[in-house]
Amino acid sequence: PVMIKSLKNHISLGLDTSEVFIIGKKNATFIEKINRQEHFFDNMTVLEDPRYIQQYKSKEKQLYIDKYLIALNKAL
């Protein structure tokens, strides 16, 4: 309930809800559940957590940077 209230407050400020970027798969699971109930966002883009990338995927870091840039550029 606290998160739903917080999202409603943020959205009431006039935020564009056509797309939301979610950092981390655990966060995505949580936000997807809320979004199924409340229909806040039209599209949800899930991006890997930067800490996860740095800790476990540092050799592939550039791939994740590119993924972030592509996703964010689509939103512009």
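The exercises below, each with a worked solution, concern a predicted model.

**Exercise 1. Describe how strands β1 and β2 are joined, and name the unit to which they belong.**

Begin with the two strands themselves: β1 covers residues 19–23, and five bridges join this strand to β2, with the two running parallel. For one of these pairings, look at I23, whose bridge partner in β2 is L47. Then add helix α2, residues 25–38, which together with β1 and β2 makes a right-handed β-α-β unit.

**Exercise 2. Decide whether T45 is buried or exposed, and find which residues T45 is in contact with.**

First locate the residue: T45 sits in strand β2, which spans residues 43–47. Next consider accessibility: the relative value for T45 is 17%, and because buried means under 20%, T45 counts as buried. Then turn to the surroundings, where T45 is in contact with E19, V20, F21, I22 and A71 once its neighbours within four places in sequence are left aside. V20 shows how the fold brings in a residue from elsewhere in the chain, for T45 and V20 are 25 residues apart in sequence, while their C-alpha atoms are 6.2 Å apart in space. Finally, look at E19, whose side chain makes a polar contact of 2.5 Å with the side chain of T45.

**Exercise 3. List the residues of the largest nonpolar core, and work out which element gives the most to this core.**

Start with the membership, which comes to nine residues: I4, L7, V20, I22, A28, I31, I34, F40 and F41. Now assign them to elements: α1 (2–11), β1 and α2 each supply at least two residues of this core. Among the contributors α2 gives the most, with three residues. To see one member in its setting, take I34, which touches M3, I4, L7, H39 and F40, not counting residues up to four places away in sequence. The model also has a second, separate core of five residues, including L47, I53, Y64 and Y68. As a general background to such groupings, nonpolar side chains in soluble globular proteins tend to be buried together.

**Exercise 4. Find how many salt bridges the structure holds, and describe each pair.**

The count is two. In one of them, the side chains of E38 and K8 meet at 3.8 Å, N to O. This pair links distant parts of the chain, since E38 belongs to helix α2 and K8 to helix α1, 30 residues apart. Both partners are partly exposed, E38 with a relative accessible area of 29% and K8 at 44%.

The other salt bridge brings together the side chains of E48 and K67 at 3.0 Å, N to O. E48 lies in the loop between β2 and α3 (50–56) and K67 in helix α4 (residues 61–75), so this pair ties together parts that are 19 residues apart in sequence. Here the partners fall into two classes, because E48 counts as buried at 12% relative accessibility, whereas K67 counts as partly exposed at 35%.

**Exercise 5. Identify which residues E48 is in contact with.**

Recall first that E48 is found in the loop between β2 and α3. Leaving aside neighbours within four places in sequence, the contacts of E48 are I23, G24, K25, I53, Y64, K67 and Y68. Comparing this set with the second core, one finds I53, Y64 and Y68 named in both. K67 also belongs to the contacts of E48, and the side chains of these two residues are joined by a polar contact of 3.0 Å.

Conventions. Residues numbered from 1 in each chain as written. Predicted model: local features only at pLDDT ≥ 70, side-chain atom pairs only at ≥ 80, totals over all residues. Heavy atoms only, no water. Helix = DSSP H or I, 4+ residues; strand = E, 2+ residues; numbered from the N terminus. Buried < 20%, exposed > 50% of the residue type's maximum accessible area, 1.4 Å probe, protein only. Contact = heavy atoms within 4.5 Å. Polar contact = N/O pair within 3.5 Å; in protein donor to acceptor, adjacent residues only side chain to side chain. Pairing = 2+ DSSP bridges. Right-handed = clockwise from strand over helix to strand, strands pointing away. Core = buried A, V, L, I, M, F, W, Y, C linked by side-chain atoms within 4.5 Å. Salt bridge = Lys/Arg side-chain N within 4 Å of Asp/Glu carboxyl O.
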